[in-house]
Amino acid sequence: MTVQVFGHKSPDTDSTGSPLIWAWYLNEIKGTAAEAVLLGEPNTEAAFVVEKWGVGKPAIKTEFAAGSQAVIVDTNNPAELPANVNDLDVLAIIDHHKLVGGLETKGPIDITIRSLACTATIMHDLMGPDADKMPDTIKGLMLSCILSDTLEFRSPTTTDQDKALAEKLAAELNLDLGAYAAEMFAAKSDVSAFSDAELIRMDSKEYEVDGTKFRVSVLETTAPEIPLGRKASLMDSFAAVQDEDGVDQVLLFVVDILKEEATLLVPNDLVKTVAEKSFGATVDGDAVVLPGIMSRKKQIIPNLKV
């Protein structure tokens, strides 16, 4: 049976690259048949990365037969996984997010959750000396995952280990790290072809605070004027997304990578209250700038209050 390796829905670069990295490791090092799959279309940055390194976009799969063997990466949250995830034979979880709970496995499994910025950094550790056998394509994916998740080391989630590994990989690949990161972020910022609903769901996680269900969406960009130019239509689309996804409120943060700040769209009094209680912001209008806010995992979700 082929082990299917996948990350979360709405795949970003880490949830696209890390399945490919671990599938390579299982196939080439461990001698275990494995296949990387995605739970949805990758975002524009992730699509750029797989094309850049010539690995091909993994197949998109939303339904899995009961008993299928799987390795879950870059999440442990059932809300971000296939509906029947507890029917699968999950062999391992490799992640860097907080433990959510709700997954049930067929037996004891290997679980690695570490407080690093990127799943790919954890994978490098788990490979040990076998990491030296990675071809350039896999090194390129690993570097891309780290640069994406750390926003080229601007994110407060960045650790010395993430940065040192990225610099080592860039040197081995003879890449200018800054120039390559700029290419990635330019690809991430090219969102003109997406509908409002697609933008809202592009990099999004569900989270509940005191009985209120939020869809917490983040758009990381070096061209914030593009999504902010669609501010009115984006906020008009919140209601439809909320109804379709069964959440009470969309929170959309546009993260300016270069200025290291986020703009939260404020369509109503509930979001105004969230901004004031969570971030100490003073809200005057339908958007508020939050200086220094870069990370959903470390700065946004842990601070949410209603």
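Trainee: Which residues lie nearest the centre of the largest pocket?

Mentor: This is a predicted model, where local features need pLDDT of at least 70, side-chain atom pairs need 80 or more, and totals for chains, interfaces and linings use all residues. Numbering starts from 1 along each chain as its sequence is written, and side-chain values use heavy atoms, without hydrogens or water. The largest pocket (an open set of 1 Å grid points over the protein atoms alone where a 1.4 Å probe fits, with protein on both sides within 12 Å along at least five of seven lines) is lined by 44 residues (an atom within 4 Å of a point). Nearest its centre are His 97, Lys 205, Arg 296, Lys 297 and Ile 301.

Trainee: Which element supplies the largest share of that lining?

Mentor: Helices (DSSP H or I, at least four residues) and strands (E, at least two) are numbered from the N terminus. Helices H2 (44-52), H4 (136-150) and H11 (296-300) each give at least two residues to this lining, and so do strands S7 (204-209) and S8 (212-221). The largest share, 6 residues, comes from S8.

Trainee: Which strands are the edges of the open sheet?

Mentor: Its 5 strands run in the order S7-S8-S9-S10-S11, with mixed pairing (at least two DSSP bridges per pair). An edge strand pairs on one side only. Here those are S7 and S11 (287-291).

Trainee: How many bridges join S7 to S8?

Mentor: Look at Ser 204, which stands opposite Ser 217 in S8. S7 and S8 run antiparallel, and the number of bridges joining them is 6.

Trainee: Which strands does helix H9 touch?

Mentor: H9 covers residues 231-245 and packs on the sheet. Touching means heavy atoms within 4.5 Å. The strands in contact are S7, S8, S9, S10 and S11.

Notes: Axes are lines fitted to C-alpha atoms, for helices over the stretch in contact, and angles run from 0 to 180 degrees between N-to-C directions.
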